[in-house]
Amino acid sequence: MLDVRRMQMLRAVVTSGSVTAAATRLGYTPSAVSQQIAVLEKEARTPLLERVGRGVRPTEAGLLLTGYADAIGRQVAEAETALDDLRAGRTGRLAVRYFATAGAALVAPAVARVRAEHPGVQVELKLIDPEDPLPDVREGRADLALVVRPEGETEGETEGEAEGAGGVRLVRLLDDPYRAVLPKGHPLAGRRTVALADLAEEPWVGSEWPGPCLDAQLSACEAAGFRPRFVVESGDYVTAQGFVAAGLGVSLVPRLGLGSRHPGVVVREIRRPEPVRSIFAAVREAAEPTPALRSFLEALREAGGGGA
């Protein structure tokens, strides 16, 4: 196999016209350059240079390899430039997994920031189930995913960051409290806040599928001394509000999920206790974050209130 470095030495000799001039340009001794050219001729199994007076000139094979050496040199330079651009965040791809209620409040401003600061980076967004996007991050299909955990479930937090299983690091973004959604005219609608225990005997409209979001509701209800009686399952915040407006029951909806409020409901804060789901950004523990990923993560934390 031809040695690429020796081919570059050949190119230097051919373009400069002599071994001595090439050695000066490359920072070698003339004898070292001559030895490397001799080895390259053995690899090529044909002469590459012939003497002309005090200089040398390439044979036909030497001209052939010099052309390829020139092309390889250009490609290496292009590769170095492309690598510099990638490391500096001027190019690349950022794959993000997110769930619907985090889109407008968290993901949108983060995407806008990356496009402004790193316009050459392609942001790939994919809407997924918030329950288990971690395999995509762990296996390298995504650079970042938004995940939900019940408040206080993740341990080992340090300055808003926690260690996740399987080499995934969880960065706390915000705590998203649930609100009570009541039909207009409900006896509790006149209050500014509602104690969670006051909803114990009410029929409930489910707003969450089984998973960490529902777990946050159930844990709070258990702390208040009851288990909710679900009469309707919607799994969708807008649909849940419609069922509540129709008088089928009460519901809990996270603050981020209350973007479009049904005119037939009222929304009240909950106390004693307040159900909360915590939203985290999941990134690979061992991966060195790119400039674009750092910008995206910083924008997420700012949109979430700095992880408070």
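This report describes selected residues, a pocket and backbone features of a predicted model.

## Two buried loop residues with side-chain polar contacts

S234 lies in the loop that connects β10 (229–233) with α8 (237–245). Its relative accessibility is 13%, so S234 counts as buried, the cut-off being under 20%. A polar atom of the S234 side chain lies 2.6 Å from the backbone oxygen of G206. The backbone oxygen of D236 is 3.1 Å from a polar atom of the side chain of S234. When residues up to four places away in sequence are not counted, S234 touches G206, S207, W209, T239, A240 and F243. G206 therefore appears both among the residues that S234 touches and as the owner of a backbone oxygen 2.6 Å from a polar atom of the S234 side chain, within the 3.5 Å set for a polar contact.

T59 occupies the loop between β2 (55–58) and α4 (60–87). With a relative accessible area of 15%, T59 is buried. The side chain of T59 reaches the backbone oxygen of P47 at 2.8 Å. Apart from neighbours within four places in sequence, the residues in contact with T59 are P47, L48, L49 and E50.

## A buried strand residue

L182 belongs to strand β7 (residues 168–183). Its relative accessibility is 0%, and L182 therefore counts as buried. Outside its neighbours within four places in sequence, L182 is in contact with L188, A189, V194, L199, V244, V250, G264, V265, V266 and R268. One of these contacts, G264, is 82 residues from L182 along the chain, and the C-alpha atoms of L182 and G264 are separated by 8.7 Å.

## Cysteines

How many disulfides does a search of the whole structure find? The search finds zero. C213 is in no disulfide, and the nearest cysteine sulfur, that of C221, is 14 Å away. C221 is likewise in no disulfide, its nearest cysteine sulfur being that of C213, at 14 Å. The pair is not a disulfide because that term requires cysteine sulfur atoms within 2.5 Å.

Are these cysteines buried or exposed? C213 has 6% relative accessibility and so counts as buried. C221, at 0% relative accessibility, also counts as buried.

## The second largest pocket

The second largest pocket has a volume of about 250 Å³. Its lining comprises 15 residues, and those nearest its centre are R169, V283, P289, L293 and L297. The elements that give two or more residues to this lining are β13 (276–284) and α9 (291–303). With five residues, α9 gives the most to the lining.

By residue class, the lining of the second largest pocket divides into eight charged, six nonpolar and one polar.

## Backbone features

R272 and P273 are joined by a cis peptide bond, with omega about -15°. P273 is placed in the loop between β12 (265–271) and β13, and R272 is found in the loop between β12 and β13. R272 has a phi near 55°, a positive value in a residue other than glycine. At 66% relative accessibility, R272 counts as exposed, because the cut-off for exposed is over 50%.

R45 also has a positive phi, near 60°, in a residue other than glycine. R45 lies in the loop between α3 (30–44) and β1 (49–52). Its relative accessibility is 77%, so R45 counts as exposed.

Note on methods
Residues are numbered from 1 along each chain as its sequence is written. This is a predicted model: local features need pLDDT of at least 70, side-chain atom pairs count only at pLDDT 80 or more; totals for chains, interfaces and linings use all residues. Side-chain values use heavy atoms; hydrogens and water are left out. Helices (H or I, at least four residues) and strands (E, at least two) are DSSP runs, numbered from the N terminus. Buried means under 20% relative accessible area, exposed over 50%, partly exposed in between (1.4 Å probe, protein chains only). A polar contact is a pair of N or O atoms within 3.5 Å; within protein, one must be able to donate a hydrogen and the other to accept it, and residues adjacent in sequence count only if both atoms are side-chain atoms. Contact means heavy atoms within 4.5 Å. On a 1 Å grid over the protein atoms alone, a cavity is a set of points where a 1.4 Å probe fits but cannot get out, and a pocket is an open set with protein on both sides within 12 Å along at least five of seven lines; lining residues have an atom within 4 Å of a point. Grid points are joined across faces, edges and corners, and a volume is the space filled by probe spheres set on the points. Ala, Val, Leu, Ile, Met, Phe, Trp, Tyr, Cys and Pro count as nonpolar, Asp, Glu, Lys and Arg as charged, and the others, Gly among them, as polar.
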